[in-house]
Amino acid sequence: MANEKIPPFLLEPPPVLPASPPLRPKPATQRWKKRLLFVCMGMFLLAGVGWATSPRPKLLRDTDSISIDRDSTMVSVAAQIDLAMDDAIAAKELHQASRADWRTVGRRISLALIGNGLSLEEIRVLEQVPEDERALWWTEYLLRDRRSSDYLAERWTRATVGTNNGPFLLFRRRKYVDWLADHFEKNSPYDQLVRDILTAKGSWTDSPQVNFLTATMDDADNSKPDVIRLAGRTSRAFLSQRIDCLQCHHDYLGKVSFSNELNVPLESRTGEQADFHQLAAFFSGVRMDNPFVGLRNSAPQYTYTYLNEDAESRVEPNVPYRRDLLPAAGDARHRLASWVTHPENKAFARATVNRMWGVLFGKPLIEPIDSIPISGPFPPGLELLSDDFAKNGYNLHRLIKTIICTEVFQRDSRIGDEPVDAEHEAHWAVFPLTQLRPEQVAASIHQACRIKAIDESSSILSQLELFGGVNDFTKAYGDRGEDEFEAQSVTIPQRLLVMNGAYVSERIQNNPVANAATRIAELSSNDPTAVESAYLSTLNRNPTGEELDAFCDRLRDTRGMSRSQAMSNIFWTLINSTEFQWNH
Amino acid sequence: MAAGGLLGQGMLTRVAERLAMASESRNAENLGAKNLIILWMQGGPSQLETFDPHAGSAIGGETKAIATSAPGVMIANTLPRTAEIMHRATLVRSLVSKEGDHERATYNMKTGWRPDPTLIHPAIGAVLCHQTENNIEIPRHISILSNEWPARGGYMGSVLDAFQIGDPQNPLPNLKSYTDPLVFETRMNDLRDVVEKEFRRGRLRDLDQAKTLHEASTVRARTMMASEQIKAFDISLEAANIIQSFGDTPFGRGCLAAVRLIEQGVRCVEVELNGWDTHIDNYSLQSKRCEVLDAGLHALMTQLEERGLLKQTIVMCGGEFGRTPKINVAGGRDHWPTGFSTFLAGGPFRAGHVHGQTTHEALVKGKDPITGVRDAMKVEDLHATLLHAFGIDFSKELQTPIGRPLTLSAGKVVQSLFV
């Protein structure tokens, strides 16, 4: 029963609608043409449904060209990560979950890379791929889809530029996102990307990466960016070092520590105010004298009055650790960029790995996501992935695929019927439960209520409906801003929005053209098939025996509008569940 | 900080010890205020066109000053009705901040902290709800007509985010099921007994309470849908003359809704009036906004007084900054965070009192604008003062999610604002 497919509906005759009584008698040819038109439209509609729900639907575009990257080094790294994780789990004497259903894994990949769950159409396509290849195949497919570049670019923009609107005249967020998306699509080496950002100059419209700097500027004083904000952001986004507290005082809480150069016994020293301001000094030469020319470099000139000092001190650019990696000569920002992305500055690779892990799992390896100790200790997997990432040219696509290949990623979120506790999640013995982001909830609802995938090849109307709807929904649901990985729980307004809001009701009500609920209700050959299709569309899994019985009961002996209503109720129930609104 | 405190206590003399204990009890003492209404003027209302006119001076523009019910206190002629209730208000004319950007300054004024990339601070309404308890079936933190930057729970949790609504004359969004009660009941039962039951299997013990709060929020949402208390949002239940007194504007209606919600037990209501960002045509645009504010503020204060709520409710009216003393070439005023005004009333605040003063010195070339502000009051001091008025010990530290202990405010209480 779990594998029963929806049979093609082309076999069932389409309904022939009676003609309306004419105001005046029409010629016979006109009546005939009208009937033929209705028949053609009906055939077309049924063909579309049949195509989308038949056991052998047309493949998504370009699927023939997808080949799985069988790089043995990637597989080897994934295996080593699993081994390290397994050792840590065994040391805690925990049980670990077995592999999750492939549809659940597919859902995780889709949520991470494009922001919504699988469509029924996509599930049907994946059924035709050998099961042990589905995860990687789907990843390959999505990485070639512009949606993933756009979505990852948006997530990365939050981390590098924030969610503020920025100065109205000097900042173009959309250009920055698009620039990032272009590079993600091309899989540009990430270290080069970051160097381009840190050394950006010119106009923020012609050189979109300049927006990293102009985002910190003030409309009231548009001569230079805010070096304090840039220092903090550079440190957090690219190195996962939270040194913002050092802006005002030395670190008396022992939260920030730096190691000495390599090859000497590792000693930590606590952070000092100078560490922060010396980093800020790298940006102090950036100027905008002419808005038509944009940002340009001049010699750094930065002074600051340290705590308990009476006079300002001149601050020279310097880095807080591994000073041996900082080039002695050159433009200040180029020196900084070289240091940040130096292969021996392992914080760079770790920061990227931690963020990508967070995007894929919903939870980073180390929390907070932008605070990784320089000298460790590091959780299992972080160093392995970081070293591999650096060794392979900072290849983001490879990083994504490596993580997805791990057993850890494909693990179930529960262990049979045995209750799990926080320790299981903390040690990755189960896949963690994390709340979907607002745009993921919105896009998932939209996709679940359509049978076909909403992608680039969808009609512009469908995309606009998705885009506009997602924006309005996200605003009402509440955007978390930059603290997207902080654990949050559901709120009453969020529940009211999904329970009673128009966004959901419009997508599950009776609408045989657009809504999956109606089409499944009308065209499924029997009740169990209808319930299974509903579950696959929304939760991306098959119902259990108990769930199947319960919802078949709701559909029993229903016809027409009452059947459509019953299916709407099922869709509402599934969409309003914890399971739908959380990643697991 | 904590270590220093412990050390300090060990070294206190007997007298100092008694003084410290007295101070501690004063911190914990309830000064009578329970509720907060914030009339939020988004965009930066001009202090010179509202509560701090300099009529006839080089910076005064077209605005005239009028006498008020508070002896010796003059405000702009754009607020004639507000002038009648100034004897109940405390006026702060010397607020200063370091934020000249709308978003950052809004954050600063709503939370009492400057934006920090590592932490989202809670808005003062969220702090009030977090630190106090009362059991009502509708949200305790509400924001009416909020636009871009609503009040948030920050590190205290999204459960303390302000519940947002629009113009109160419209039905509350998402509070009514669009299906009939029987269908809704069936849906809810299937959700609870079929789908959630399966999802709970094999997961965290007490999954909902320990982690998601999904089912708990569903129950509370349902309770709110059926609650009589949602009538507090319905201003049409008021007498026509009362509705009229607030003005026929969304803001006016929001102010009336705020009174009703406070009456019902809501702890903090924010009502927004935007459109104050007058970089061009300052006098005309500010005057138009003042017309709306004037009716709403006057009626709000009147109704709070008549319903016996003013003693336990603090009213705060202001924006994220003020506007420049100098008028620009387009007849506008630009952003000015060095000497701007906030109106306070209710609770323990001293009626008819003015704190601080701005002078023309700010205009003198080469001088730091702060020299034009007497008795300057920082935004964090305003927040410390407000929290103190609610009997909240703002100096106690909470552990934030980033592992950093943080007090509720970094400011100092301005005692002269109290009776």
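The following questions and answers deal with a predicted model of a complex of chains A and B.

Student: What ipTM does the predictor give the complex?
Tutor: Two scores come with the complex from the predictor. The pTM is 0.82. The ipTM is 0.83.

Student: What is the mean pLDDT of chain B, and over which residues is the pLDDT below 50?
Tutor: In chain B, 91% of the residues reach 70 or more, and the mean pLDDT is 89. One stretch of chain B, with seven contacts in the model beyond near neighbours in sequence, has a pLDDT below 50. That stretch is residues 1–28 of chain B.

Student: Which helix has the lowest mean pLDDT among the elements of chain A?
Tutor: Chain A has a mean pLDDT of 84, with 82% of its residues reaching 70 or more. At the high end of its elements is helix α8 (residues 190–198) of chain A, with a mean pLDDT of 98. The lowest mean, 63, belongs to helix α1 (residues 28–53) of chain A.

Student: How many contacts does the model have for residues 52–58 of chain A, where pLDDT stays under 50?
Tutor: Residues 52–58 of chain A are a stretch over which pLDDT stays under 50. Contacts are counted here beyond four places in sequence. For this stretch the model has 14.

Student: Which helix gives the most to the side of chain A that touches chain B?
Tutor: The two chains meet through 50 residues of chain A and 45 residues of chain B. On the side of chain A, α10 (227–239), α20 (492–500), α24 (545–555), α25 (560–575) and α26 (578–581) each supply at least two residues. With seven residues, the one that gives the most is α20(A).

Student: How many residues of the side of chain A that touches chain B are polar?
Tutor: That side of chain A divides into three classes of residue. Nonpolar residues number 16 and charged residues 15. The polar residues number 19.

Student: Are α2(A) and α14(A) roughly parallel or roughly antiparallel?
Tutor: The axes of helix α2 (residues 72–91) and helix α14 (residues 382–391) of chain A come within 9 Å and cross at roughly 165°. Angles over 145 degrees count as roughly antiparallel. The two helices, α2(A) and α14(A), are therefore roughly antiparallel.

Student: Which residues of α14(A) meet α2(A)?
Tutor: The crossing of α2(A) past α14(A) is right-handed. From α2(A), the residues involved are A:Val77, A:Gln80, A:Ile81 and A:Ala84. The residues of this contact divide into five nonpolar, one polar and one charged. From α14(A) come A:Leu384, A:Leu385 and A:Asp388.

Student: Which residues of α15(A) meet α5(A)?
Tutor: Helix α5 (residues 134–144) and helix α15 (residues 396–405) of chain A have axes 10 Å apart at an angle of about 155°, and are therefore roughly antiparallel. α5(A) passes α15(A) in a right-handed crossing. The α5(A) side of the contact is A:Ala135, A:Leu136, A:Thr139 and A:Leu143. The α15(A) side is A:His397, A:Ile400, A:Lys401, A:Ile404 and A:Cys405.

Student: Is B:Leu417 buried or exposed?
Tutor: B:Leu417 is in the segment after β17 (405–407) of chain B. There are 21 C-beta neighbours inside 10 Å of B:Leu417. A residue with 20 or more counts as buried. B:Leu417 is therefore buried.

Student: What is the C-alpha to C-alpha distance between B:Leu417 and B:Val354?
Tutor: Leaving aside neighbours within four places in sequence, B:Leu417 is in contact with B:Thr90, B:Phe349, B:Arg350, B:His355 and B:Thr385. B:Val354 is 63 residues from B:Leu417 in sequence. In space, C-alpha to C-alpha, the two are apart by 8.5 Å.

Terms used. Residues numbered from 1 in each chain as written. Chains lettered and ligands numbered in written order. Predicted model: local features only at pLDDT ≥ 70, side-chain atom pairs only at ≥ 80, totals over all residues. Helix = DSSP H or I, 4+ residues; strand = E, 2+ residues; numbered from the N terminus. Buried ≥ 20, exposed ≤ 12 C-beta atoms within 10 Å, placed from the backbone. Nonpolar A, V, L, I, M, F, W, Y, C, P; charged D, E, K, R; others polar. Axes fitted to C-alpha atoms, helices over the stretch in contact; angles between N-to-C directions. Parallel < 35°, antiparallel > 145°, perpendicular 65-115°, else oblique. Left-handed = near helix turned anticlockwise from the far one by under 90°. pLDDT = per-residue confidence, 0-100.
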